[in-house]
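These exercises walk through one protein chain, and each task is followed by a solution worked out in steps. Please look over the sequence and the structure before starting.

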Amino acid sequence: MRIEEHLTTIPDATDVVLDLSNVVRRTGLCSDRKADLARLPALIEGLRTFLGDATVKVHAVTDWSLWRNRDLLSEPERATLLRWIKSGRIEARDGADDRVLEIADVTGAKVVSHDNYKDKHRIFPWIPGNTDRFLGMQPDGAGIRVIAREIPVFPEHQLSSAEEHDLLRAAGLYDRERRLRREPLTRAWRCPEPECPLFGAERTHDQPLPAYRSGKVCCPTHRRTMVELGPLIRPIQVKVSVSGKVVQRLLVSPDKSLIVGRPLLAGHVPPGLLNEISRRHAEVAWDGVTLTVMDLQSSNGVRVKGRKLTPGVSERWNPRDAVALHDKVKLVVSGRHYVFDESPEPRPAPVPGPPLDAQTRVVRVRR
Ligand SMILES: [Zn+2]
């Protein structure tokens with residue numbers, strides 16, 4: 001995969017979120033330069049190894065100073081960076097910390113950073129003491145080794161719950177009942193800036209997370225209030241793993257089911273194993289609420305938790321379970337758990353509005 005294919009600004013696809021400036025300016029990694037854009041591909045290589053996922057997707061947020069300050073990157077590197085920003089592959093803003101944590105908060109993505117985010121512990125209560133969400137970097141020859149990090153719990157975090165409540169509200173991330181604001185995520189938005197790479201006319205279905213400030217949904221880049229286009233059903237991402245390593249990602253849109261079989265998996269699954277898969281092996285469908293899987297009368301069958309599915313019958317797929325096309329070839333739902341509803345509350349009725357189909361629910365499952 002080319003480096004661009006590992007960059008995303010879509011929350012559903014994001015595995016890892018990072019402050020690009022923080023990575024690129026870490027002297028001693030890969031070279032002794034003050035800033036080195038090659039640290040990004042080296043980090044992605046390190047993440048592929050650390051996560052056992054050759055297809056890892058990274059949401060990079062950069063401070064504009066990385067591009068503006070001509071003493072940091074070479075001219076070709078600055079041109080590359082600007083191209084990524086203008087094509088919406090990475091996000092640029094003044095100050096990246098809040099945005100990185102906001103994306104991590106909503107998506108559950110891991111964060112690459114050496115920062116302890118001490119000043120954010122009260123806004124994001126999942127940070128202090130965290131042992132599984134933060135990753136660090138170490139030099140590894142000419143490359144980068146990714147390591148797990150633990151965030152310390154600082155004594156000043158002993159705050160009254162009332163104070164914490166106010167701070168959360170001040171951050172604009174929670175409503176009065178301290179629930180995550182879901183509405184910005186279940187709607188499509190348009191930025192008034194015509195050339196906006198993140199919320200422009202070209203991006204109606206695969207949008208990034210909007211920002212939420214002072215009661216308004218805003219473009220994270222231009223900080224302008226955005227216009228609502230209507231309900232948004234986000235596609236579901238399904239990963240193909242071979243012997244536990246992710247080799248491919250498939251997007252299942254609500255308007256089109258996915259036929260998984262030899263033609264789709266060719267080039268990703270080793271030939272010996274590919275022969276065990278039927279041409280049309282399984283069908284995966286997503287309607288914005290329920291994910292289903294069906295064995296298309298394949299030779300070797302489809303199994304979930306050891307149970308063989310009845311061929312030709314569509315069954316509900318619990319996103320926590322792997323669907324096995326073979327002992328070694330499995331389909332797993334990507335870790336973007338917030339798309340799935342786990343609360344007992346009834347689903348809100350779809351709101352009519354052009355042009356984007358019915359509404360999906362967005363609920364955070366885990367803290
Ligand atoms: Zn914008």
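**Exercise 1.** Find the buried residues of α5 and describe how they are arranged around the helix.

Solution. In α5, the buried residues are Leu81, Trp84 and Ile85, where buried means that 20 or more other C-beta atoms, placed from the backbone, lie within 10 Å of a residue's own, exposed means 12 or fewer, and partly exposed is in between. Seen down the helix axis, the buried residues of α5 fall within an arc of 100°, so they line one face of the helix; the arc is that of the directions from the helix axis to the C-beta atoms. The model is a predicted one, in which local features need pLDDT of at least 70 and side-chain atom pairs count only at pLDDT 80 or more, while totals for chains, interfaces and linings use all residues. Residues are numbered from 1 along each chain as its sequence is written.

**Exercise 2.** Describe the extent of α5 and its surroundings.

Solution. Helix α5 covers residues 75–86, and its 12 residues reach 16 Å from the first C-alpha to the last, close to the 16 Å expected at 1.5 Å a residue (the expected span is 1.5 Å times one less than the number of residues). Helices (H or I, at least four residues) and strands (E, at least two) are DSSP runs, numbered from the N terminus. The buried residues of α5 pack against α4 (65–68) and β3 (91–93), whereas the face turned away from the buried side carries exposed residues, including Glu75, Arg83 and Lys86. Just after α5, Gly88 takes a positive phi of about 75°.

**Exercise 3.** Set out the order of the strands in the six-stranded open sheet, and name its edge strands.

Solution. The order is β3-β2-β1-β4-β5-β6, with mixed pairing; two strands pair if DSSP finds at least two bridges between them. The edge strands are β3 and β6 (143–149), each pairing on one side only. From one strand to the next, the twist averages 30°, angles being taken from 0 to 180 degrees between N-to-C directions of axes that are lines fitted to C-alpha atoms, for helices over the stretch in contact. Strand β5 (residues 134–140) runs antiparallel to β6 and is joined to it by seven bridges, and the bridge partner of Leu135 in β6 is Ala148.

**Exercise 4.** Which strands does helix α6 lie across?

Solution. Helix α6 (residues 97–107) lies across β1, β2, β3 and β4, and runs at about 175° to β1.

Terms used: Contact = placed C-beta atoms within 7 Å.
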